[in-house]
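Visitor: I should like a close look at one part of this model, with attention to the backbone there and to its surroundings. Please begin with a single residue in a loop and proceed from there.

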Amino acid sequence: MPPSLQLQSDPLHAYEHCVSEGKLKNDEAQRLVITHLQTLYGALSAPVRRWFGILPRRPSAQARSVYIWGAVGRGKSLLMDMFYASAPVTGKRRIHFHAFMQEVHAMIHVTRQEIEAKQLRQELLPTIAHDIALLSNQLICIDELQITDVADAMIVSKLFTSLLSEGVIFVITSNRPPEELYLGGLQRETFMEFVDLIYERMDVLELASPHDYRMQQIRAMQAVYMWPQSAEAQTSMQETFAQLTHHAVILPATLEVQGRKLIVPESYGGIARMRFADLCEKPLGAADYLTIARRFHTLFLSGIPRLGPEKRNESRRFVTLIDTLYDHRVKLICTADAAPADLYATGDGVFEFARTVSRLAEMQSAQYLAAAHIP
């Protein structure tokens with residue numbers, strides 16, 4: 001979390017502090033959401049009665065989970081992080097939805113084997129929910145909930161029902177209102193139980209700000225494709241990365257690709273930062289790039305070199321990477337040794353690279369940057 005957020009006593013004061021320092025605009029839509037989170041903060045702060053000297057794990061009955069939805073760039077993750085930083089509970093966790101579900105699937109595999117081996121009379125998902133509740137205790141903040149996988153869709157209703165019954169409070173962000181989750185998905189009628197659960201057990205808030213702050217910050221850059229590589233270009237990219245991630249603590253992300261682990265060295269929410277060497281000088285392929293493109297809406301990529309026949313494998317991977325990012329409308333902010341047209345200027349492969357040149361140019365356009373991410 002940014003130091004300025006950590007020092008505040010509650011989320012509303014954290015927001016007002018950032019506004020007074022000029023780090024945020026006074027956005028009425030954001031203020032409505034942070035005021036609601038302040039109410040949840042108060043409910044979690046309410047004293048609970050001890051029973052035989054043991055403090056009950058469950059929060060006050062007045063504490064209701066919150067589902068915040070709205071278009072990208074409106075500040076949903078920022079407001080959730082302000083709340084999380086000051087949330088007055090000892091057991092809490094902040095996690096991206098995809099990472100959360102990866103952990104759930106791993107727990108399902110292990111727990112199912114244990115139940116079968118010991119012939120236990122336990123239901124699978126309630127057992128997992130109990131274990132998650134013990135680990136996370138009172139509060140789980142889940143960023144960017146979006147469901148495209150049928151396996152996740154079939155799990156979430158029963159899992160979240162059990163977690164809420166265990167006393168876990170959620171703060172969830174999403175780009176979609178609950179009824180638009182998993183549109184057109186297989187067995188959606190079963191998934192609608194999860195939608196009903198959200199409206200029954202959570203306060204659903206739309207962050208209806210007219211401002212796309214992420215786009216404003218990207219457009220404030222002189223360029224999203226910077227060349228040649230220089231200290232100035234690196235500084236510009238670093239400053240934009242820090243602004244888009246709200247100067248938060250940056251952590252690695254582990255993605256699962258066909259049973260393998262893919263490490264993204266630096267990530268925050270839907271933003272990742274990697275080097276050309278991380279993505280194109282290692283034996284990665286279309287499945288890896290597809291996982292990255294679905295998981296992240298913005299990719300900072302540094303160190304794109306001049307290419308040619310002597311770097312045939314790296315060039316082929318780079319073409320596949322750009323095709324995948326383009327298809328999913330991922331915002332690309334990068335540094336390179338040359339302009340797109342000069343990255344692969346001579347030798348075999350120039351013709352095939354022409355499409356990549358065209359796409360790199362289009363990915364710098366205002367129309368592309370304004371397009372919604374396709375997970």
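Guide: The residue chosen is Tyr182, which lies in the loop between strand 4 (169-174) and helix 8 (188-201). The model is a predicted one, and the values that follow are computed from it. The phi angle of Tyr182 is near 60°, a positive value in a residue that is not glycine. Is Tyr182 buried or exposed? Its relative accessibility is 6%, and the limit for a buried residue is under 20%, so Tyr182 counts as buried.

A second loop residue may be set beside it. Glu144 also has a positive phi, of about 60°, although Glu144 is not a glycine. Its place is the loop that runs between strand 3 (139-143) and helix 7 (150-165). With a relative accessible area of 15%, Glu144 is buried.

A further backbone feature concerns a peptide bond. The bond from Trp227 to Pro228 is cis, and its omega is near -15°. Pro228 belongs to the loop between strand 6 (225-226) and helix 10 (231-244).

From the loops one may turn to a pair of helices. Two packed helices are described by the angle between their axes and by the distance between those axes. For helix 2 (residues 11-20) and helix 4 (residues 76-86), the axes come within 8 Å and cross at roughly 125°. Angles of 65 to 115 degrees count as roughly perpendicular and those over 145 as roughly antiparallel; helix 2 and helix 4 are therefore oblique to each other. Their crossing is right-handed. On the side of helix 2, the residues that meet helix 4 are Pro11, Ala14, Tyr15 and Cys18; helix 4 contributes Leu79, Met82, Phe83 and Ser86. By class, this contact has seven nonpolar residues, one polar residue and no charged residues.

A charged side chain completes the account. Asp323 is placed in helix 13 (residues 312-327). Its relative accessibility is 13%, and Asp323 therefore counts as buried. Which residues does Asp323 touch, when those up to four places away in sequence are not counted? They are Arg355 and Arg359. With Arg355 there is a polar contact between the two side chains, at 2.5 Å.

Technical notes. Residues numbered from 1 in each chain as written. Predicted model: local features only at pLDDT ≥ 70, side-chain atom pairs only at ≥ 80, totals over all residues. Heavy atoms only, no water. Helix = DSSP H or I, 4+ residues; strand = E, 2+ residues; numbered from the N terminus. Buried < 20%, exposed > 50% of the residue type's maximum accessible area, 1.4 Å probe, protein only. Axes fitted to C-alpha atoms, helices over the stretch in contact; angles between N-to-C directions. Parallel < 35°, antiparallel > 145°, perpendicular 65-115°, else oblique. Left-handed = near helix turned anticlockwise from the far one by under 90°. Contact = heavy atoms within 4.5 Å. Nonpolar A, V, L, I, M, F, W, Y, C, P; charged D, E, K, R; others polar. Polar contact = N/O pair within 3.5 Å; in protein donor to acceptor, adjacent residues only side chain to side chain.
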